[in-house]
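Me: Please take a close look at one part of this model, namely how its helices are packed, and work outward from there. I should like a single connected account, with each term explained where it is needed.

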Amino acid sequence: MGVHSGSERVLAGLDPEQRAAVTAPAGPVCILAGAGTGKTRAVTSRIAHRVLTGEVSGRHVLAVTFTARAAAELRARLTALGVSGVQARTFHAAALRQVRYFAPRLLAGRAMPELLDSKARLVTLAAARVGLRADRAAARDLAGEIEWAKSSLVEPGEYVVAAAKALRDTPHEPAKVAEVFVAYEKLKRANGVIDFEDMLRAAVWGIEEHPDVAEQVRGQYRHFVVDEYQDVNPLQQRLLEAWLGGRDDLTVVGDASQTIYSFTGATSTYLVDFPRRHQGATVLRLVRDYRSTPQVVGLANAVISQARGTEARLRLELRGQRPPGPEPDLRIFTDEPAEAAAVATRCRALVDAGTPAREIAVLFRTNAQSEAYEKALTGAEVPYVVQGAERFFERAEVRQAMVALRAATRSIPGETPLRDAVVEGLSAVGWAPDAAPAGGAARERWEALAALVGLADEYAATPPVLPIGEAAAVQRLVTLTDFNDELARRAAQQHVPTVEGVTLASLHSAKGLEWDAVFLVGLSEGTLPTTYARTAEQVEEERRLLYVGITRAREWLWLSYAVARSPGGRARRPSRFLPQLDRSGGATERAAAAPKRAERRRNQVISCRICGATLLAGPDRKLGRCPTCPSDIDEELYERLRDWRARVAAAQKVPAYVVFTDATITALAERRPGRREELIAIAGIGPRKIGLYGEPVLALVDGAAVDDVCREKTLETDP
């Protein structure tokens, strides 16, 4: 394959905005990419296009992101595009690689300190040293504060002032947290270990304070790509600037509307200020949503359109590209057990109808909400996976399975087909392909091992990756030993397989993922937004959380809340971010118990009859279309309706809008109802107005002249 044909193949199928991002000139480039707009494709295509056209060398490119999964996807896509040599890593993985490489030089021959996997144990000891008892939850909260401080470049002596300035909701009095911070740092040094923030700082220090290290790093990496740039924290930005060394060949990709990790120190400031910080930067926008149906996209736009604050300056209005799908399902329940039971029942129905369980997710604001759904799904015999509860390769059953598969290489012949070898190896830990438990934790464990079998099928079917221009050789049989090596590589990179089961996840841990069907549950005031969101900025971040949740759905979306936490409990209001849900306490309670027709209509999601997008604004719902969609108004009918309205208003001595508003007149001229049922379907026309004006309006739509309609009405009222 020639260079020209390879680069042209990269550009094939890109939309105009994606193509502009891929072919943007060298230098600072900012790609504002909305959810589902193909940002990963744009990023990898940009790298591939630059490499294949000879503009850059792959070995001089460093692409960084925030999860091992995302980094693995970048590498896989680049390989598929025929590009090798590019380093695609998380910030932490890239920093760790550099620190380990330069450790002998930086540490004068001393061994590099061991890297802590978790702060929990040392934080617990540090808390005890300053007179605090910290259980597991308390230790996690204290560790979070220390991580925030270190990621924000805040030293222990600066913590109290910095926490107050940032309005941190600290787990203890700030001065006490600072004492724990100091004790933790001393314990680390005494034990000869470092944490992840230390490792990032070491990478920065190595470059900033050692010219020879800086020269070597900057000689290796000359072109940078940063994904999810809205999630960068000050320490990561400092490392990025150290890598750049004043150069400007930097492409950043982000979406300010998905800024949801400020509690960890992440800030969208660097994304928002990118054009100011990099004079002459190219700024591009990706707004065509290929993930979700227009109905889902419309709801997402409606929620984020109300956003205020800094991030709202870069708000993107998405344009759905998929065919229309089902309307979002909006539900209100009497209490949380009823909500969980309904969700489980619907999940069961979706699975029975053919939707794979792995393509369904139940998303909530806090991990504490998970338990009710675990119980309900178990009762409905629906398999589930709790996202973020424990890393896949750290689960006890997975570790045992990997030991069993390594042992099986000694007894299973090398020519055994890979799937058969893996199934036989897993039999040593009691797993069998036809022995899936009904549900619950046992089913979750079975599905985890089943995922290894699925991964074996995928691995066996994947052809070997060949360098560009190398002729394909006869593919040899993939052995169990090869597969064990692949599992070890994936475990090291946390590149986890997909487990068959409904995903239960917090909104934070769902970012970057997507499913065919998504349930957004517990959408009540006090939960979303949480009661801890006290400032305007914190409330806006809660709004963005809901936006992220909505945009995870490809086709089917359910939004719900329970009036009370438990049966007979105190009533709550729906989330302020859901304008289409009724806000009056009595109405919502009645809707939960026995919804009336008027209430159902008020809560109904109405779609644009032109593009299928969800309509939330009153005038748009009345018209039945988006304000930006083309009008199909009958101009002649519109003028007759206005003439008739003026005469009626004059006869009744009332303003014209009392008869019908302009929006209603427009809706009548566009929708041209032929029956009473079609009239009442137009928002703003109720039974009273049907009785007063139904017959003349239908006559006018049918073609009657205004004089004739008014004459008939006069004859009816003459004595």
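Reply: Axes are lines fitted to C-alpha atoms, for helices over the stretch in contact, and angles run from 0 to 180 degrees between N-to-C directions. Helices (H or I, at least four residues) and strands (E, at least two) are DSSP runs, numbered from the N terminus. The model is predicted, so local features need pLDDT of at least 70 and side-chain atom pairs pLDDT 80 or more, while totals for chains, interfaces and linings use all residues. Residues are numbered from 1 along each chain as its sequence is written, and side-chain values use heavy atoms, without hydrogens or water.

The part chosen here begins with H3 and H4. These two helices pack at an angle of about 50°, and their axes lie 10 Å apart. H3 and H4 are therefore oblique to each other (under 35 degrees counts as roughly parallel, over 145 as roughly antiparallel, 65 to 115 as roughly perpendicular and the rest as oblique). On the H3 side, the contact (heavy atoms within 4.5 Å) is made by Thr40, Arg41, Val43, Thr44, Ile47 and Ala48. On the H4 side, Glu73, Leu74, Arg77 and Leu78 take part.

H4 itself repays a closer look. This helix comprises 13 residues, 68-80. Within H4, the residues Ala71, Ala72, Leu74 and Leu78 are buried (under 20% relative accessible area; exposed is over 50%, partly exposed in between; 1.4 Å probe, protein chains only). Viewed along the axis of H4, its buried residues fall within an arc of 155°, so they line one face of the helix; the arc is that of the directions from the helix axis to the C-beta atoms. Leu74 and Leu78 thus appear both among the buried residues of H4 and among its residues that meet H3. The cover over the buried residues of H4 includes H3 (39-52), together with strand S2 (61-65) and strand S3 (87-90). Just after H4, Gly82 takes a positive phi of about 85°.

A second pair is formed by H5 (residues 91-106) and H11 (residues 211-220). Their axes are 11 Å apart, and the helices pack at an angle of about 150°. H5 and H11 are therefore roughly antiparallel to each other. From H5, the residues Gln98, Tyr101, Phe102, Arg105 and Leu106 enter this contact. Their partners in H11 are Asp212, Val213, Gln216 and Val217.

A third pair consists of H7 (residues 136-151) and H9. Here the packing angle is about 80°, with the axes 10 Å apart. That makes H7 roughly perpendicular to H9. H7 contributes Leu142, Glu145, Ile146, Ala149 and Lys150 to the contact. H9 answers with Val177, Val180, Phe181, Tyr184, Glu185 and Lys188.

Lys188 deserves separate attention. The residue is located in H9, which spans residues 174-191. Lys188 is buried, and its relative accessible area is 4%. Leaving aside residues up to four places away in sequence, Lys188 touches Leu116, Leu122, Lys150, Val193, Ile194, Asp195 and Asp198. Lys150 in that list is also one of the H7 residues in the contact with H9. Leu122 is separated from Lys188 by 66 residues in sequence, yet the two C-alpha atoms are 7.5 Å apart in space.

The loops that follow H7 and H8 each hold a backbone feature. Leu153 lies in the loop between H7 and H8 (159-165). Although Leu153 is not a glycine, its phi is positive, at about 65°. This residue is partly exposed, with a relative accessible area of 30%. Leu167 is found in the loop between H8 and H9. The phi of Leu167 is near 55°, again a positive value in a residue other than glycine.

Further along the chain, Gln237 sits in H12 (residues 234-244). Gln237 is buried, with a relative accessible area of 5%. Apart from residues up to four places away in sequence, Gln237 touches Tyr229, Val232, Tyr270 and Arg277. Another backbone feature is the cis peptide bond that joins Leu528 and Pro529, with omega about 5°. Pro529 is placed in the loop between strand S15 (515-520) and helix H23 (536-550).

The whole protein gives the setting for these details. The protein has 32 helices and 18 strands. Of its 719 residues, 52% are buried. Among contacts with a separation of 6 or more, 76% are accounted for by residues 24 or more positions apart.

Definitions and conventions. The expected span of a helix is 1.5 Å times one less than its number of residues.
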